[in-house]
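User: Please look closely at one part of this molecule for me, namely the residues with an unusual backbone and the charged side-chain pairs, and take me through them in one connected account.

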Amino acid sequence: MRIKVLTIFPDMVRAALGESIVGRALEKGLLTVECIDIRAYAQNKHKNTDDYPFGGGAGMVMLAQPIVDACEANAEAGQRRIYLSPRGRTLTQKVVEELAGEEELMLLCGHYEGVDERALEMCFPEELSIGDYVLTGGETAALVVIDAVSRLLPGVLGSEESAEDESFTTGLLEYPQYTRPREFRGREVPEVLLNGNHALIGRWRREQALRLTRERRPELLATAPLDKKDRLFLKTLEEEAPEEG
Ligand code: 9WO
């Protein structure tokens, strides 16, 4: 997959992408990210990328011209173009899966008080929000999208860390995890994980996932695929702590 990021801080985006599993995916060539400096497309002699808002008000608005020129210079057939913005539809794992199936994305990172609406109308028909909060710019949101999408690309995760058995694929929150030592400051690892009975371990993990989901995100239980055993277990929890869920 190819991702083009339009930003006034290309070095910030490049630096963040060098680390961790995403950095490894880039090295392996499973993914390419091209950071495009919007300022390189500015036409006025000061290379400004923003100006005062018509109608008055606080702050500055990003100019349409450098964004539209940067977009047109880097457009590809079939490329999905997305503006990261709190106005957009919310990013979910389902949206991430959909984006991971694309050949090429172009992401626009806004700054200041926003982007001239005409640049969005002309080049970025789609808007995506990573959550209901305001950032100083769209770069960190773009990094979230790139991170979430890249780990779904074939070969990015090893078979060990495969994206299969985890939260949002089971529809439940993840069960608690433990590693060595067996006792840490008086706290023991649950006995069931030490006895090598994998059927029992699988059941225990499933039940922990159900318990945590019921406590913290009960609304997920309505859509998670649950079998008869799961429902029976949830019923026993209901009898133990009817106040929750
Ligand atoms: C700031 C502001 C101040 C006064 C009046 C209106 C205003 N709007 C904004 C604003 O939305 N600023 C944005 C900052 C402009 C575009 C980039 N910025 C941004 C993107 N903040 N938060 C995001 C974002 C992107 C994706 N998901 C969540 C948040």
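Analyst:
**Backbone exceptions and charged pairs**

Tyr 112 counts as partly exposed, with a relative accessibility of 35%, and in this predicted model Tyr 112 has a positive phi of about 55 degrees although it is not a glycine. Tyr 112 is located in the loop between strand 6 and helix 5 (117–123).

Ser 20 likewise is a residue other than glycine with a positive phi, near 65 degrees. Ser 20, however, belongs to a helix, namely helix 2, which covers residues 20–27, and at 57% relative accessibility Ser 20 counts as exposed, because the cut-off for that class is over 50%.

A further backbone feature concerns the peptide bond that joins Arg 180 and Pro 181, which is cis, with omega about 0 degrees. Pro 181 of this pair is placed in the loop between helix 6 (139–150) and strand 8 (183–184).

Turning to the charged side chains, a search of the whole structure gives 19 salt bridges, and three of them can be described here one by one.

Asp 230 and Arg 203 meet through their side chains in a salt bridge, with 3.1 Å from N to O. Asp 230 lies in helix 8 (residues 228–240) whereas Arg 203 lies in helix 7 (residues 198–216), so this salt bridge ties together parts that are 27 residues apart in sequence. Asp 230 is buried, because its relative accessible area is 1%, where the cut-off for buried is under 20%.

Between Glu 219 and Arg 217 there is another salt bridge, in which the closest N and O atoms are 2.8 Å apart. Both partners fall in the partly exposed class, Glu 219 with a relative accessible area of 46% and Arg 217 at 32% relative accessibility.

Beyond single pairs, salt bridges that share partners join Arg 2, Lys 4, Glu 76, Glu 103 and Glu 104 into one network. Within this network, the side chains of Glu 103 and Arg 2 meet in a salt bridge of 4.0 Å, N to O. That pair links distant parts of the chain, since Glu 103 sits in the loop between helix 4 (93–100) and strand 6 (104–109) while Arg 2 sits in strand 1 (residues 2–7), 101 residues apart. Glu 103 is exposed, with a relative accessible area of 58%, while Arg 2, at 38% relative accessibility, counts as partly exposed.

Notes. Residues are numbered from 1 along each chain as its sequence is written. This is a predicted model: local features need pLDDT of at least 70, side-chain atom pairs count only at pLDDT 80 or more; totals for chains, interfaces and linings use all residues. Side-chain values use heavy atoms; hydrogens and water are left out. Helices (H or I, at least four residues) and strands (E, at least two) are DSSP runs, numbered from the N terminus. Buried means under 20% relative accessible area, exposed over 50%, partly exposed in between (1.4 Å probe, protein chains only).
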